[in-house]
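Reader: Hi! I have a bit of time before my gel finishes. Could you walk me through this one?

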Amino acid sequence: MAESYKIMVTDRELAFRLMAKKIGLTDRKVFDAAYTQELKVLEPRLDIKPIAIQATLDEIAKTDPRAKQVTAQQLIDRRFLVEMEKDGTFERLGLR
């Protein structure tokens with residue numbers, strides 16, 4: 001995923017060709033708008049924000065009360081991210 005993110009931010013044309021192939025996207029204006037917005041919100045180091053998970057839990061809780069029994073932190077497992085930080089993956093890819 002980190003390598004894919006790196007390619008996405010450094011090679012817009014390749015990202016467009018892949019999206020066109022995988023989902024049949026042909027409208028370049030739609031791609032450009034979505035691409036620009038996604039780059040603003042994607043986490044370069046793939047970090048998982050508890051607040052985002054909590055927002056999802058809150059939405060689910062409206063129809064399923066079991067969601068109130070779960071905390072965002074219970075759903076986050078950062079083991080792989082920690083390992084990637086330790087082994088220099090993010091630095092090697094130039095991800096801040």
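Author: Happy to! One term to begin with: a residue counts as buried when its relative accessible area is under 20%. Also keep in mind that this is a predicted model.

Reader: Got it. So is Phe-31 buried or exposed?
Author: Phe-31 has a relative accessible area of 6%, so it is buried.

Reader: And Phe-16, buried or not buried?
Author: Phe-16 counts as buried because its relative accessibility is 14%.

Reader: How many aromatic pairs are there?
Author: The count comes to two. In one of them, the ring centres of Phe-16 and Phe-31 are 5.1 Å apart and the planes sit at 65°, so this pair is edge-to-face.

Reader: Which helices does that pair link?
Author: Phe-16 belongs to helix α2 (residues 12-23) and Phe-31 to helix α3 (residues 28-41). The two are 15 residues apart, and the pair links distant parts of the chain.

Reader: What about Phe-31 and Tyr-35, how are those rings arranged?
Author: They form a tilted pair, 5.3 Å centre to centre with 40° between the planes. Phe-31 and Tyr-35 are four residues apart in helix α3, so about one helical turn separates them. Tyr-35 is buried too, given its relative accessible area of 6%. Ring pairs thus join Phe-16, Phe-31 and Tyr-35 into a cluster.

Reader: Nice. Where does Arg-28 lie?
Author: Over the face of Phe-16, at 4.5 Å from the ring centre.

Reader: Back to α2 for a second. What span should it have, and what does it have?
Author: With twelve residues at 1.5 Å a residue, α2 should span 16 Å, and its end C-alpha atoms are 16 Å apart, so the two agree. After α2 comes Gly-24, which has a positive phi near 75°.

Reader: Switching topics: which residues make up the largest nonpolar core?
Author: Eight residues: Ala-2, Tyr-5, Leu-46, Leu-81, Met-84, Phe-90, Leu-93 and Leu-95. At least two residues of this core come from each of α1 (2-10), α5 (79-86) and α6 (89-93). There is also a second, separate core of five residues, including Ala-15, Phe-16, Leu-25 and Tyr-35.

Reader: Is there a general pattern behind that?
Author: In soluble globular proteins, nonpolar side chains tend to be buried together.

Reader: Last one: what is Leu-81 in contact with, beyond its neighbours within four places in sequence?
Author: Arg-45, Leu-46, Asp-47, Ile-48 and Phe-90. Of these, Leu-46 and Phe-90 are listed with Leu-81 in the largest nonpolar core.

Terms used: Residues numbered from 1 in each chain as written. Predicted model: local features only at pLDDT ≥ 70, side-chain atom pairs only at ≥ 80, totals over all residues. Heavy atoms only, no water. Core = buried A, V, L, I, M, F, W, Y, C linked by side-chain atoms within 4.5 Å. Buried < 20%, exposed > 50% of the residue type's maximum accessible area, 1.4 Å probe, protein only. Contact = heavy atoms within 4.5 Å. Phe/Tyr/Trp six-rings, centres within 6.5 Å; stacked < 30°, edge-to-face > 60°. Lys NZ or Arg CZ within 6 Å of the ring centre and 35° of its normal. Expected span 1.5 Å × (residues − 1).
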